[in-house]
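Colleague: I would like to learn how to read the backbone of a model such as this one, beginning with how its elements are named. Could we go through it step by step?

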Amino acid sequence: MRRLSFWGFGRFYLVVRKALYSVVSLVLSCGLVAVGVAVPATAAVPARSEAGLRAYFVITAPKQTAAVSSAITANGGSVYARYDAIGVLVVHSATADFAAKLRSVGGVQKVGATRTSDVPAAAANPAVPPAAPVRPDESPEIPRSDMEQIGADKAWAVNPGSKAVTVAVLDTGVDDQHPDLRPNFDAARSASCAYGKTDVRPGAWRPVGEHGTHVAGSIAAAKNGKGMVGVAPGARISSIRVAEAGSQLFFPENTVCAFVFAADKGVSITNNSYYVDPWLFACPTDPDQDAIAEAVRRSVAYADSKGVVNVAAAGNENYDLAEKGEDDTSPNDSQPGPRTVTNECLSLPTELPNVVVVASVDSSSQKSNFSNYGAAKISVAAPGEDVYSTIPGGGYQSLDGTSMAAPHVAGVAALLRSANPKLTPEQVRARLAAQANDLACPVASGGECAGSAANNSYYGEGLVDAAEAVGATTTTSASGVTVTKPSEQLGVGGLPAVPLQIKGSSSKGDISYSAVGLPPGLTIDAERGWITGVLLRGAGRYKVTVKAQDAEAQVAAASFYWNVWSF
Ligand SMILES: [Ca+2]
Ligand SMILES: [Ca+2]
């Protein structure tokens, strides 16, 4: 077990103590003081506020939460929020043995304290964070190495992302007034989930730290000539604030609220650059952590079932997630202490099923020294060092962390869904993996990096490819013939395929086209490059290679996939 450091990630307030991500350069020295904007208080929230009040998950079968309501009240609990679809209640109680009593109630599956600290008084009447005064930075959009590294600059020319695709930033809140974010901000899919309950008052989603605004910029900052450009500048971003004001911690009930909200609002993709506090890993042998893991697992599965692609950072501890052993950072909301953890203990939401897990690499595509790793634990890799992006108040900063790598992948997922709106979450994950460019284990890793060049414990399937996601990859042969690589195609057996035209170019006379690997029933017009025909019935995934040949018999080729479905 190599355990070099103990920082978490995604928590701005811990930059100095836990160094979860480091500030490389302060681009806009603002010195701004956030000035409170008067926000009228809404109707009083009927929630308790008292010393010793603790928060619990009470878990039932899905859609069965009503059956345990009276038992909760009878044992000194008050329901704070209810997620009936997944059988999860958030309950507040000041009764010391509340969890023990509820565990013996019929219909109750699991009960667990979500925190080791009292519920903040603010939970009874949460404040709307003030908007940061905007001081726009007029610096131009210069080329950025992180975007070029994944081919995002090539993607923008073909497809910058669709306004029909919203990526939700589950984080510390997002500055929706930032000039580089405002054009793409989706307020209708934004909220605060602090304390575990949805709050959709205007501005509730605003920042209580700078982290979420930085993440949002990497995903979809506008291509407007100023500042920087996100991976999918034509897509939309929303803010589902998970972190609470003050502690800035990402408590479990807040996370459950956020995934359910994302799913119910039709969010396409979520980005999760954090771990669920207060436990670095949730262990099933502890009844509290077991309930936490179950509630968060259900919320992520619910989002997955509603078509949401969930992307998460691998974590910044340089920790082998496949060989767990120690943790001395938990619980981080009261008194952390050393404990032994096993592989059954999970980093949430990162290690849950179907989550796209992102490792961080530097500008040379080498593993960042902080990035977590592990056999079968990493999906893909993305740039996470010296990432220049937006911060509250209109400025920009360069930061390091897997927190910065994950949003690059969320952005590529947004491009995939912009080019192919009908892709299921499973298909998006498959394409992210298939299109990633292999990164072999460094020789110097001394065996710590395990696996093949195609897939290993440092980089998973490799570096994500934004250009390929929208079919912007262009192959140029030495002869000067070029052929544009088409995006992946979908078709239904028994029906005519949507005609696809291959486009080649050369200064040396007319181009002729050929193709191998076409799905049965399709042909290519050698003169004009059109692929047409009626797809034969039967499902399949065909790797098609097209060739363009000029008058001097010089050739360029490109490959793409054609997926065929049948009813
Ligand atoms: Ca911009
Ligand atoms: Ca690979």
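Modeller: Helices and strands are DSSP runs, of at least four residues for a helix (H or I) and at least two for a strand (E), and they are numbered from the N terminus. Please keep in mind that this is a predicted model.

Colleague: Where, in those terms, is the place of Pro331?

Modeller: Pro331 sits in the loop that runs between strand 11 (326–330) and strand 12 (337–340), and the peptide bond leading to Pro331 from Ser330 is cis, with omega near -10 degrees. A cis bond is also found from Leu348 to Pro349, where omega is near -5 degrees, and Pro349 lies in the loop between strand 12 and strand 13 (356–361).

Colleague: What is the phi of Lys63, and does Lys63 count as exposed or buried?

Modeller: Lys63 is a residue other than glycine with a positive phi, near 65 degrees, and its place is the loop between strand 2 (54–59) and helix 2 (69–74). A residue is exposed if 12 or fewer other C-beta atoms lie within 10 Å of its own; Lys63 counts as exposed because it has 11 such neighbours inside 10 Å.

Colleague: How many C-beta neighbours does Asp386 have inside 10 Å?

Modeller: Asp386 has 17 of them and therefore counts as partly exposed. Although Asp386 is not a glycine, its phi is positive, about 55 degrees, and Asp386 is found in the loop between strand 14 (380–383) and strand 15 (387–391).

Methods. Residues numbered from 1 in each chain as written. Chains lettered and ligands numbered in written order. Predicted model: local features only at pLDDT ≥ 70, side-chain atom pairs only at ≥ 80, totals over all residues. Buried ≥ 20, exposed ≤ 12 C-beta atoms within 10 Å, placed from the backbone.
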